[in-house]
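Okay, thanks for making room for me today. Let me put the structure up and then talk you through the parts I'd like you to look at.

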Amino acid sequence: MIILGINDRCHHNSAASILIDGKLVASIELERISRIKNDGSFPHAAIDEALAIAGLNAEDVDIVAKANLSRRQQIPYLNRYYDHMAKVAKTDTSVRSIFWKKQFERYRRVFHRRKTPLGILAQKPYQTVEHHLAHAASAYYASPFGNERVGVITLDGVGDFSWGSVWIGEHGKLRHVDHLHQINSIGLLYSAVTIYLGFKPSRHEGKVLGLAAFGKPEPLLSRLLAHTNRENWDELFDSKLVRVVLKFGSDLGQSVIKELCADLSKEDVAAGIQAYTEKLICKWVQDQAKALKVAKLALAGGVFSNVKLNQLILALPEVETIYVHPNMGDGGLATGAAFELYSRLNQGFEPQFNQQVYLGTEINRDNALAALEKQGLAYEEPDNLALTVAGLLADGKVIARADGKMEYGPRALGNRTVMAACNDPTINDWLNKKFARTEFMPFAPVILQEHAKEYFPEWEEDHITARFMTLTYHVSDLAKRNIPAAVHIDNTARPQVLRREDNPDYYDIIKEYYDVTGVPSVINTSFNMHEEPIVRTADEAIRAFQAAGLDALVLGPFLLRKTD
């Protein structure tokens, strides 16, 4: 059975995925093709590319899974949202005004038509999958937990008028426990603070996380808690914070944030919202684990791109291990919708863990050579590419690698990566300037799994999610000495723990570097210019390499060196 999953009804990260007999074989977000960051347009081009990656035609698709409900299907969730807004409106004139202004759109919106795929795909049968069920399915059905009983939790900004959900995953099925309605969204509150700090929501929350380590959480933490009902998550926010959620990017919401953050530095604001997020969500997750009697958690949704939060959840005494879906944001909804539909059609589906997540467009010898010859560039093909690249890294060179299939999700995992030695902390400033980036967190390291425990004492072999750069660890003294450029001010780092079976060519470079230097780790940052998506094709890789002025580029089996 061939299922096409699409995410087509969100404001960002449209995507397409292909599932063949329950196995995820291709997935790509539209942004990688359009080159528009977080592109939320209908994913026509992503659908075509996903089919091409899978070696299929549109005629081969049996059924389409659409993430996010239709407008009519959303009505129960929408009514719950308005019911809660009406309660708050009784005591808040600003919320009351919003409530009445939205009534016309509340009923008119059901007449908006949903776009459909082109050609024969428009005639294919389809089913819709609610936003948070798609997130939950992406985490559960791709998890390494098999038929074990696990807790499945989703948290994001908002989707289908909810910002989170809780499920039990067992025997290949998801059983619903709870949905968290939009009006209490900590995710949107975090985005509102992101805007206040001068960053872009749904894109730069990671900058806020990095900045937080430089500040103090008080007094903002206490100010936020004063407007929070921690004992009742159905009425978590008071009217002041509800205003933020309803209008997080406009004057009404931003005026509240400005008042709460009065006289605070940017660093203290970031620290306050991060501490608030950690405190509330960790306690809530702890309560869920106790109530559900589960020790293993599968997590998805944009909130779980917060790697420090993930570290703290993993450290909870009730939690044995976690699995964060590698494409935890809305780009993973296409995959989750396809998984959920496959489970429905087969009366359940035992989770099948993908050992690797290289599911996108491929750079190979043929298309790399074609791009090089089109540009008229000099290149070489070393007999031992790994050893050559390792030698350059040991000499302090900065090298991009664009080879094999593109990674699934927001993290570069070796195939669209920039590598450099981790021994000089000043390289973070230098690389930021090269890529025109503004980052407050150091670049992440990749480390050979055999040495992960030496550098990250909290790491355990069953922390499979660490293979995908989805959580931080405290570092050892050895790490502080050998890879200081990858260590944040709070003595944490976000590693990619690499096994050879997951990416042999990438692994061999790091192994050769270790043999030369005695350090089993280098910087791994995504290969893209500022505010651009990760490079996809050989042509894009060459263009980014030249724009950044890097020392060398691995393009398929070829090596390009910077020339004067």
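Here's one to start with: which residue in β2 is the bridge partner of I3? Before you go hunting, keep in mind that this is a predicted model. Okay, the partner of I3 is L19. That pair belongs to the contact between β1 and β2, which run antiparallel and are joined by six bridges.

Let's stay with that sheet for a bit. There are five strands in it, the sheet is open, and the order reads β3-β2-β1-β4-β5, with mixed pairing. At the edges you've got β3, residues 23-29, and β5, residues 126-129. Each of those has a single partner strand, so one side of each has no neighbour in the sheet. If you like angles, neighbouring strands here are turned by 20° against each other on average, ignoring direction.

Now walk outwards from β2, which covers residues 15-20. Is this strand mostly covered or mostly open? Mostly covered: five of its six residues are buried. Towards β3, the pairing is antiparallel again, over six bridges, and A16 has I28 as its bridge partner there. β2 and β3 make a hairpin with two residues between the strands, and in that hairpin D21 takes a positive phi near 50°.

Go the other way, from β1 at residues 2-7 to β4 at residues 63-67, and the strands run parallel, with five bridges joining them. Look at G5 there: standing opposite G5 in β4 is A65. Hang on to A65, since that name comes back in a minute.

There's another hairpin much further along the chain, made by β20 and β21, with two residues between the strands. β20 is residues 552-555, β21 is residues 558-561, and they pair in the antiparallel sense over four bridges. A552 is matched with R561 in β21. In the turn, G556 has a positive phi of about 60°.

Right, cores. As a general point, nonpolar side chains in soluble globular proteins tend to be buried together. In this model, the largest nonpolar core has 139 residues. Which residues have the most contacts inside this core? They're Y276, F527 and L555. Now, α12 supplies the largest share of the core, 12 residues. Apart from this core lies another one, of 41 residues, and here's A65 again, listed among its members along with V150, V357 and Y408.

α12 turns up again when we go to the pockets. The one I picked is the second largest, with a volume of about 270 Å³. It's lined by 13 residues, and nearest its centre lie R230, E231, W233, W284 and D287. Two elements give two or more residues to that lining: β8, at 173-181, and α12, at 266-292. Which of them gives the largest share? That's α12, with six residues. By class, the lining of this pocket has seven charged, four nonpolar and two polar residues.

Okay, backbone oddities, for anyone who checks torsions before setting anything up. Most residues other than glycine have a negative phi, and most peptide bonds are trans. So what about the bond from E218 to P219, cis or trans? That peptide bond is cis, with omega near 15°. P219 is found in the loop between α8, at 205-212, and α9, at 220-225.

Then there are two positive phi values I'd like to set side by side. K293 has a phi near 55°, and K293 sits in the loop between α12 and β9. M469 has a phi near 60°, and M469 is in the loop between α18 and β16. Which surroundings do they have, buried or exposed? K293 is exposed, because its relative accessible area is 70% and the cut-off is over 50%. M469 counts as buried, because its relative accessibility is 1% and the cut-off is under 20%.

Last stop: D83, in helix α3, residues 75-89. With a relative accessible area of 48%, D83 is partly exposed. Its C-alpha is separated by 9.8 Å from the C-alpha of F99, and those two residues are 16 apart along the chain.

That's my tour, so over to you.

Key: Residues are numbered from 1 along each chain as its sequence is written. This is a predicted model: local features need pLDDT of at least 70, side-chain atom pairs count only at pLDDT 80 or more; totals for chains, interfaces and linings use all residues. Side-chain values use heavy atoms; hydrogens and water are left out. On a 1 Å grid over the protein atoms alone, a cavity is a set of points where a 1.4 Å probe fits but cannot get out, and a pocket is an open set with protein on both sides within 12 Å along at least five of seven lines; lining residues have an atom within 4 Å of a point. Grid points are joined across faces, edges and corners, and a volume is the space filled by probe spheres set on the points. Ala, Val, Leu, Ile, Met, Phe, Trp, Tyr, Cys and Pro count as nonpolar, Asp, Glu, Lys and Arg as charged, and the others, Gly among them, as polar. A nonpolar core is a set of buried Ala, Val, Leu, Ile, Met, Phe, Trp, Tyr and Cys residues joined through side-chain atoms within 4.5 Å. Buried means under 20% relative accessible area, exposed over 50%, partly exposed in between (1.4 Å probe, protein chains only). Two strands pair if DSSP finds at least two bridges between them. Axes are lines fitted to C-alpha atoms, for helices over the stretch in contact, and angles run from 0 to 180 degrees between N-to-C directions.
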